[in-house]
Amino acid sequence: MNVTKTEAKCSQLPRDESQKEGSPQKNSAEHEGYGGVHSSVRITENNITDADQSKERLLEGVVDRDNMNHAFKRVKSNKGAHGIDGMGVDELLQYLKENGSQLRQSILDGKYRPNPVRRVEIPKEDGKKRMLGIPTVVDRVVQQAIAQQFTPIFEEQFSDNSYGFRPGRSAHDAIKKCQTNIDEGYKYVVDMDLEKYFDTVNQSKLVEVLSRTIKDGRVISLVHKYLRAGVVVRKRFEETEVGVPQGGPLSPLLSNIMLNELDKELERRGHRFVRYADDMMIFCKSRRSAERVLNNIIPFIEEKLFLKVNREKTVVDYVGKVKFLGFSFYQMKGKTRIRIHPRSVAKMRGKVKELTSRSNGMGNELRATKLRRYIMGWINYFKLADMKSLLLQTDEWMRRRIRMIYWKQWKRVRTKLKMLKSLGIREQKAWEYANTRKSYWKTSNSPILSKSLTNNVIKGFGFLFFSEYYRQVTA
């Protein structure tokens, strides 16, 4: 392998004068905040990074007008937040109309330099934070254009046991494959956890793996520029010498390309496994064989791929005790069934509790809309699982919380009397109910509201129930 020097970094194509005032545009006044972004860096690439030696003209395919237009449409439809330059997807079309030709030529000439990504922290279930890197919208278009050229090439190489971020494959397919493996007697698993995978990918190793297939060194160089573009954290630039920033269209594909090395090694050793991005389960017929597999595969992961196995979170256990993609498994009458893992249920209830809080300042119309969207997304993801009784219990609890919200909003006795009468309660009974001294929570489960704010009334307010939507999607 050769070690080559890149040219000094230059910024992306400049935006026009109509850029929003106050946007964190990368200009001369801010160069100090990005200390190091213009310095030369050394990168490891293969022997065909010279454009004259490229046997394929893949870069021309990347910047092809139709390919770039398709990439723009994908970025536009995915929406998403702005990068460090403040440009939103709604401004992207005009920018590309004015600068598209110059952008394509700068990529062909090797002069295009990606901007650093903007750091965003997303809370995780365990209380920790997932670090995302949001590229500028222009960089997202270029990344998407690269991904569109890479996908058909690498899809031919990817394992049938890999399901994450691949066309025509989903988490449901991965769960069904797990179900098949368990039914065939593989009831013990290595539940593999790669420690901070996206943050610790060895970039030189990734470039080496890419170079085995991609013979246009200009494209390899462009990908490496994205890897080394850096990140802006609280207006300060930080270099990215390791890792693949999560948040861009290219990251999931690069992740699969790297972990395909592990897939092929597991297949060579004859193991059954299912991988979804960096979540993996290796299936065995006994605990002893699962422990042996774990001990034997760790050296390959850590010494060949330069990744780190999280030994605290990587476990060998009976398949019914592990969580995979939010699901878990159990046996009934000799067949493997799917259910929702308790932690996923707890997370769902936490979200519903947040949306039905009495003090979140949310209007009832907006509350109903947000609950509807959340319920539809949640059911569509977990619909493979057995959950009828869970949903009925959840609906009963959620409706009680909704009734509590309305009762609190009515506040005064006069308002309560008026609303109860409008909902069909006789005046004498309505007066009795309106003067109750019970707490909001106790009242929400009493005849006062179960006879007035009935299930149909709540439904008429625009609220959707879990069990109702589940019946719709599974009918």
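Rings of Phe, Tyr and Trp, the last represented by its six-membered ring, are taken to pair if their centres lie within 6.5 Å. In the present model, which is predicted, the structure holds 12 aromatic pairs by this criterion. One of them joins F165 and Y276, whose ring centres are 6.0 Å apart and whose planes meet at 45°, an arrangement classed as tilted. F165 belongs to the loop between α4 (137-155) and α5 (171-183), whereas Y276 belongs to strand β8 (residues 272-276), so the contact ties together parts that are 111 residues apart in sequence. F165 is partly exposed, because its relative accessibility of 49% falls between the limits of 20% for buried and 50% for exposed residues.

A further pair is formed by Y381 and F382, which is edge-to-face because the planes stand at 90°, with 4.8 Å between the ring centres. The two residues are assigned to separate accessibility classes: Y381 is partly exposed, with a relative accessible area of 30%, while F382 counts as buried at 7% relative accessibility. Both residues belong to one aromatic cluster, formed by F327, W378, Y381, F382 and F466.

Aromatic rings also lie beneath charged groups. The charged end of R349 is placed over the ring of W397, at 4.0 Å from the ring centre. In a second case, the charged end of R169 sits over the ring of Y163, 4.8 Å from its centre.

The search of the whole structure for internal space returned 3 cavities of 30 Å³ or more. The largest cavity contains about 110 Å³ of space. Its lining comprises 13 residues, and those nearest the centre of the cavity are Q143, Y226, L227, P245 and S251. Helices α8 (217-227) and α9 (251-268) each contribute at least two residues to this lining. Classified by residue type, the lining of the largest cavity consists of 9 nonpolar and 4 polar residues, with no charged residues.

Open space was examined in the second largest pocket, which encloses about 520 Å³. This pocket is lined by 23 residues, among which R74, N78, Q144, G248 and P249 are the closest to its centre. Two or more lining residues are supplied by each of α2 (65-78), α4 and α9. The largest share, 6 residues, is provided by α4. In composition, the lining of the second largest pocket divides into 10 nonpolar, 8 polar and 5 charged residues. Charged residues are thus present in the lining of this pocket, whereas the lining of the largest cavity has none.

With respect to cysteine, the structure holds 0 disulfides. C178 is buried, at 0% relative accessibility. C284 is likewise buried, with a relative accessible area of 4%.

Backbone geometry was also considered at two lysine residues. K235 adopts a positive phi, near 70°, in a residue other than glycine. K235 is located in the loop between β6 (231-233) and β7 (236-238), and at 73% relative accessibility it counts as exposed. K411 has a positive phi of about 55°, although it is not a glycine. The position of K411 is in the loop between α13 (388-410) and α14 (413-422). With 62% relative accessibility, K411 counts as exposed, because the class begins over 50%.

Note on methods: Residues are numbered from 1 along each chain as its sequence is written. This is a predicted model: local features need pLDDT of at least 70, side-chain atom pairs count only at pLDDT 80 or more; totals for chains, interfaces and linings use all residues. Side-chain values use heavy atoms; hydrogens and water are left out. On a 1 Å grid over the protein atoms alone, a cavity is a set of points where a 1.4 Å probe fits but cannot get out, and a pocket is an open set with protein on both sides within 12 Å along at least five of seven lines; lining residues have an atom within 4 Å of a point. Grid points are joined across faces, edges and corners, and a volume is the space filled by probe spheres set on the points. Helices (H or I, at least four residues) and strands (E, at least two) are DSSP runs, numbered from the N terminus. Ala, Val, Leu, Ile, Met, Phe, Trp, Tyr, Cys and Pro count as nonpolar, Asp, Glu, Lys and Arg as charged, and the others, Gly among them, as polar. A disulfide is a pair of cysteine sulfur atoms within 2.5 Å. Buried means under 20% relative accessible area, exposed over 50%, partly exposed in between (1.4 Å probe, protein chains only). Rings of Phe, Tyr and Trp (its six-membered ring) pair if their centres lie within 6.5 Å; planes under 30 degrees apart count as stacked, over 60 as edge-to-face and the rest as tilted. A charge sits over a ring if NZ of Lys or CZ of Arg is within 6 Å of the ring centre and within 35 degrees of the ring normal.
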